[in-house]
Amino acid sequence: MNSRKPLICGVMVAAFAFILPVNGAEINQARAKFNYQMLCQGCHTHDGSGGNDIPELKGFIGNFLATKQGREYLVRVPGSANSALNSSDLAEVLNWIILEFGADSIPKDLTMYQADEVDKLRHDALFEVIEYRKMIIAKLPKRQAEIKQSTKEKL
Ligand code: HEC
């Protein structure tokens with residue numbers, strides 16, 4: 001009898017419990033949440049509602065995924081692109097943010113970010129964010145632009 005086998009199986013089950021594969025991208029919930037708390041939450045708040053000059057991720061972030069430019073914007077924005085995270089962890093935290101806070105704004109055909117996509121985009125980090133963001137939002141499909149009007153007009 002190999003008495004170590006049940007223990008090994010138990011450890012494997014515990015490890016897999018943290019990983020939720022969605023659209024081909026794996027999210028380690030504990031790690032993603034930790035990275036968000038350490039590096040993003042200070043500005044974006046614990047539930048993504050933001051405030052002052054920080055835009056609301058909650059119920060809105062998924063709208064950006066409706067256009068190619070919007071999808072790229074979420075990586076090129078300085079908070080993402082210049083973060084201390086490596087590209088694999090940045091992809092993970094962005095996917096986590098979208099699923100955690102996106103709610104109804106998440107597109108049905110959601111394609112998760114992958115490390116190589118994020119790695120390319122973040123090298124083209126944005127500087128003039130406010131005007132660029134307005135332009136991106138203006139180009140979103142109408143329904144989403146309307147949602148924007150009703151949430152936050154400041155930025
Ligand atoms: C110092 C404050 C600060 C920190 C820390 C920060 N952000 Fe941001 N973030 C902002 C601001 C301000 C904006 C609005 C665009 C801009 O002016 O850069 C923004 C916008 C964004 C957006 C686009 C959402 C939108 O509606 O424009 C994403 C995605 C984002 N941040 C992700 C992150 C991630 C991921 C982290 C952590 C790795 C992070 N941010 C850390 C301040 C911050």
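Student: Which residues of α7 do E72, V75 and R76 in α4 meet?

Tutor: Let's settle what the names mean. Helices are DSSP runs of H or I with at least four residues, strands are runs of E with at least two, and both are numbered from the N terminus. To meet is to be in contact, with the two C-beta atoms, placed from the backbone, lying within 7 Å. For E72, V75 and R76 of α4, the partners in α7 are V118, L121 and R122.

Student: Before we go on, what kind of model is this?

Tutor: Residues are numbered from 1 along each chain as its sequence is written. Local features need pLDDT of at least 70, side-chain atom pairs count only at pLDDT 80 or more, and totals for chains, interfaces and linings use all residues, for the model is predicted.

Student: Thanks! How are α4 and α7 placed relative to each other?

Tutor: An axis is a line fitted to C-alpha atoms, for helices over the stretch in contact, and angles run from 0 to 180 degrees between N-to-C directions. Angles under 35 degrees count as roughly parallel, over 145 as roughly antiparallel, 65 to 115 as roughly perpendicular and the rest as oblique. The two axes come within 9 Å and cross at roughly 75°. The helices α4 and α7 are therefore roughly perpendicular.

Student: How many charged residues does the contact of α4 with α7 have?

Tutor: Ala, Val, Leu, Ile, Met, Phe, Trp, Tyr, Cys and Pro count as nonpolar, Asp, Glu, Lys and Arg as charged, and the others, Gly among them, as polar. In the contact of α4 with α7, three residues are nonpolar, none is polar, and the charged ones number three.

Student: Which side of α7 is buried, and which residues are exposed on the other side?

Tutor: A residue is buried if 20 or more other C-beta atoms, placed from the backbone, lie within 10 Å of its own, exposed if 12 or fewer, and partly exposed in between. V118, L121 and R122 are the buried ones in α7. Their arc, taken from the directions from the helix axis to the C-beta atoms, is only 90°, which puts them on the same side of α7. On the other side, the exposed residues are D116 and K120.

Student: What covers the buried residues of α7?

Tutor: One of the neighbours, α6, packs against α7 at about 105° with the axes 8 Å apart. That makes α6 roughly perpendicular to α7. In this contact, S87, S88, L90 and A91 of α6 meet A115, V118, D119 and R122 of α7. The cover over the buried residues of α7 includes α4, α5 and α6.

Student: Let's look at α2. Is A32 buried or exposed?

Tutor: A32 lies in helix α2, residues 29-39. Leaving out residues up to four places away in sequence, A32 touches I27, E92, V93 and W96. Because 22 other C-beta atoms lie within 10 Å, A32 counts as buried.

Student: Which residues of α2 lie exposed, away from its buried side?

Tutor: The buried residues of α2 are A32, N35 and Y36. These cover an arc of only 100° around the axis, which puts them on the same side of α2. On the other side, the exposed residues are A30 and Q37.

Student: At what angle do α2 and α6 pack?

Tutor: Two packed helices are described by the angle between their axes and the distance between the axes. The axes of α2 and α6 are 9 Å apart, and the angle is about 90°.

Student: Is P78 buried or exposed?

Tutor: P78 lies in helix α5. Not counting residues up to four places away in sequence, P78 touches A125, L126 and V129. Because P78 has 12 C-beta neighbours inside 10 Å, this residue counts as exposed.

Student: Finally, which residues are the closest to the ligand?

Tutor: A residue counts as near the ligand if its C-beta atom, placed from the backbone, lies within 6 Å of that molecule. The shell residues divide into 15 nonpolar, five polar and two charged. α3, α5, α6 and α8 each supply at least two of them. Of the 22 residues around the ligand, the closest are C40, C43, P55, G79 and S83.
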